[in-house]
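User: I am learning how descriptive words are justified when someone talks about a structure. Could we go through a few of them together?

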Amino acid sequence: MTILIINGPNLNLLGIREVELYGHSTYQDLETFLKRHAEALDIKIEIHQTNFEGIVIDLMHYALHKSYDGIIVNAAALSHYSYAIYDAIKAIPIPVISVHLTDPEKRDESFRHRDVIAPACVTTYKGHGFDSYRLALEHLAKEVTS
Ligand code: DQA
């Protein structure tokens with residue numbers, strides 16, 4: 001089973017950006033965490049980070065062409081307004097789970113309270129830090145093999 005993991009804008013700055021919200025662990029730490037948990041679940045993963053909306057969409061099309069079994073996406077701020085990503089998720093016959101490190105609904109800025117891509121996804125894990133990704137990996141491991 002191969003899962004594509006897509007991380008969106010500003011996640012490359014984990015460990016530097018708003019540490020009171022996102023913590024001190026770096027993007028590199030996130031990649032290490034993902035590789036460790038994927039290996040334990042016997043899942044192959046390919047991880048990308050991009051600051052560009054169109055690249056998130058291109059990566060979803062790439063997963064389709066490569067016949068990958070699932071996608072985990074943290075579209076970051078794009079989650080709150082990108083109908084193009086919503087359409088891309090609807091367009092591909094691959095289960096997509098969205099994740100957030102924080103719980104955007106519990107944050108102060110009202111623009112975070114709306115997630116326009118979540119309705120296109122199988123489910124969303126949010127507010128668990130890195131564990132949001134672990135929960136998504138475990139979910140896909142069960143969903144794809146059942
Ligand atoms: C985030 C939450 C978003 O609201 C924010 O724009 C991000 C990160 C998260 O993982 O908690 O960049 O997706």
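User: Which residues are around the ligand?

Analyst: In this predicted model, the residues around the ligand are R17, Y22, N74, A76, A77, H80, H100, L101, T102, R107 and R112. They are listed because a residue is near a molecule if one of its heavy atoms lies within 4 Å of it.

User: How do you know that the side chain of T102 makes a polar contact with the ligand?

Analyst: An oxygen atom of the ligand is 2.6 Å from an N or O atom in the side chain of T102, and a pair of N or O atoms within 3.5 Å is called a polar contact, so the T102 pair qualifies. By the cut-off of 3.5 Å, the side chain of N74, with an N or O atom 2.9 Å from a ligand oxygen, therefore qualifies too. For R112, a polar side-chain atom lies 2.8 Å from an oxygen atom of the ligand. As for the ligand's surface, the protein covers 99% of the 320 Å² of accessible area that the ligand has on its own.

User: What classes make up the shell around the ligand?

Analyst: The shell has 4 nonpolar, 4 polar and 3 charged residues. The space that the ligand takes is the largest pocket.

User: Why is E143 called partly exposed?

Analyst: E143, which is found in helix 5 (residues 131-145), has a relative accessibility of 34%. Buried means under 20% and exposed means over 50%, so at 34% E143 falls in between and counts as partly exposed.

How values were computed. Residues numbered from 1 in each chain as written. Predicted model: local features only at pLDDT ≥ 70, side-chain atom pairs only at ≥ 80, totals over all residues. Heavy atoms only, no water. Polar contact = N/O pair within 3.5 Å; in protein donor to acceptor, adjacent residues only side chain to side chain. Areas by Shrake-Rupley, 256 points an atom, 1.4 Å probe, with all protein chains shown as cover. 1 Å grid on protein atoms, 1.4 Å probe; cavity = no way out; pocket = protein on both sides within 12 Å on 5 of 7 lines; lining within 4 Å. Sits in = over half its atoms within 2 Å of the grid points. Nonpolar A, V, L, I, M, F, W, Y, C, P; charged D, E, K, R; others polar. Helix = DSSP H or I, 4+ residues; strand = E, 2+ residues; numbered from the N terminus. Buried < 20%, exposed > 50% of the residue type's maximum accessible area, 1.4 Å probe, protein only.
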